[in-house]
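Student: I'd like to go through the labels people put on a model like this one and ask what backs each of them up. Can we start with the vocabulary for exposure?

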Amino acid sequence: MQITPTVAHPLRRDVALMQQAKALEASFLSEMLGHAGMGEARDAFGGGAGEEQFASFLRQEQAKQMVEKGGIGLAEQLFRALTERADHAG
């Protein structure tokens, strides 16, 4: 008979919730960076639709790095709200 700790399941849930919260914060930051004009095509590589498309990929990666370095705290707030909701639901 194998006994598994009851703490393992909530920890996995928390890790998954934090990953989702960070992904949402990164998406938010990417949009805000785009609206702020970061990565706008300036004809640095010849311009065109391709440059605009790749600029969005760059913004998304920059936003992910910002979140990994602490971000703006949105992921933590989302995580707290999600865990409270999950705790009350179950």
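Tutor: Sure. A residue is called buried under 20% relative accessible area, exposed over 50%, and partly exposed in between. Keep in mind that this is a predicted model.

Student: What makes Glu 68 exposed or buried, then?

Tutor: Its relative accessibility is 53%. The cut-off for exposed is over 50%, so Glu 68 counts as exposed.

Student: And how do you know that Glu 68 and Lys 22 meet in a salt bridge?

Tutor: Look at the N to O distance between the side chains, which is 3.9 Å. The criterion asks for a Lys or Arg nitrogen within 4 Å of a carboxyl oxygen of Asp or Glu, so the pair qualifies as a salt bridge. The two partners come from distant parts of the chain: Lys 22 sits in helix H1 and Glu 68 in helix H2, 46 residues apart. As for Lys 22, a relative accessibility of 29% makes that residue partly exposed.

Student: How many salt bridges does the structure hold?

Tutor: There are 5. One of them joins the side chains of Arg 13 and Asp 87, at 3.0 Å from N to O. That one also links distant parts of the chain, with Arg 13 in helix H1 (residues 8-35) and Asp 87 in helix H3, 74 residues apart.

Student: Why are Arg 13 and Asp 87 called partly exposed?

Tutor: Partly exposed is the band between the 20% and 50% cut-offs. Arg 13 has 26% relative accessibility, so the label fits. Asp 87 has 47%, so that residue counts as partly exposed too.

Student: Which salt bridge has both partners in helix H2, about one turn apart?

Tutor: That would be Glu 61 and Lys 64, which are 3 residues apart in H2. Their side chains meet at 3.3 Å, N to O. Why would that spacing work? An α-helix has 3.6 residues a turn, so residues three or four places apart point the same way. On accessibility, Glu 61 is partly exposed at 42%, and Lys 64 is partly exposed at 37%. Elsewhere, bridges that share partners join Arg 13, Asp 14 and Asp 87 into one network.

Student: Let's switch to rings. How many aromatic pairs does a search of the whole structure find?

Tutor: The search finds 1 aromatic pair. Phe 54 and Phe 57 form it, with 5.8 Å centre to centre and 70 degrees between the planes.

Student: What makes that pair edge-to-face?

Tutor: Two checks. Ring centres have to lie within 6.5 Å to pair, and planes over 60 degrees apart count as edge-to-face. With 5.8 Å and 70 degrees, Phe 54 and Phe 57 meet both, so the pair is edge-to-face. Both residues lie in helix H2 (residues 49-68), 3 residues apart.

Student: Are those two rings' residues buried or exposed?

Tutor: Phe 54, at 56% relative accessibility, counts as exposed. Phe 57, at 46%, counts as partly exposed.

Student: How do you know that the length of helix H3 agrees with its residue count?

Tutor: H3 covers residues 74-89, which is 16 residues. At 1.5 Å a residue they should span 22 Å, and the end C-alpha atoms are 22 Å apart, so the two agree.

Student: And why do you say that the buried residues of H3 line one face?

Tutor: The buried ones are Ala 75, Phe 79 and Thr 83. Seen down the axis of H3, they fall within an arc of 65 degrees, so they line one face of the helix. The face turned away from that buried side carries the exposed residues Arg 85, His 88 and Ala 89.

Student: Last one: which residues make the nonpolar surface patch?

Tutor: Phe 28, Met 32 and Ile 72 make the patch, which comes to about 280 Å². Ile 72 is in the loop between H2 and H3, and a relative accessibility of 53% makes Ile 72 exposed. For the overall picture, the chain has 3 helices and 0 strands, and 20% of its 90 residues count as buried.

Methods. Residues are numbered from 1 along each chain as its sequence is written. This is a predicted model: local features need pLDDT of at least 70, side-chain atom pairs count only at pLDDT 80 or more; totals for chains, interfaces and linings use all residues. Side-chain values use heavy atoms; hydrogens and water are left out. Helices (H or I, at least four residues) and strands (E, at least two) are DSSP runs, numbered from the N terminus. The expected span of a helix is 1.5 Å times one less than its number of residues. Buried means under 20% relative accessible area, exposed over 50%, partly exposed in between (1.4 Å probe, protein chains only). The arc is that of the directions from the helix axis to the C-beta atoms. Rings of Phe, Tyr and Trp (its six-membered ring) pair if their centres lie within 6.5 Å; planes under 30 degrees apart count as stacked, over 60 as edge-to-face and the rest as tilted. Patches are made of residues with over 30% relative accessible area and no salt bridge: like charges are joined within 9 Å, nonpolar side chains (Val, Leu, Ile, Met, Phe, Trp, Tyr) within 5 Å. Accessible areas come from the Shrake-Rupley method with a 1.4 Å probe; for residues, only the protein chains shown count as cover.
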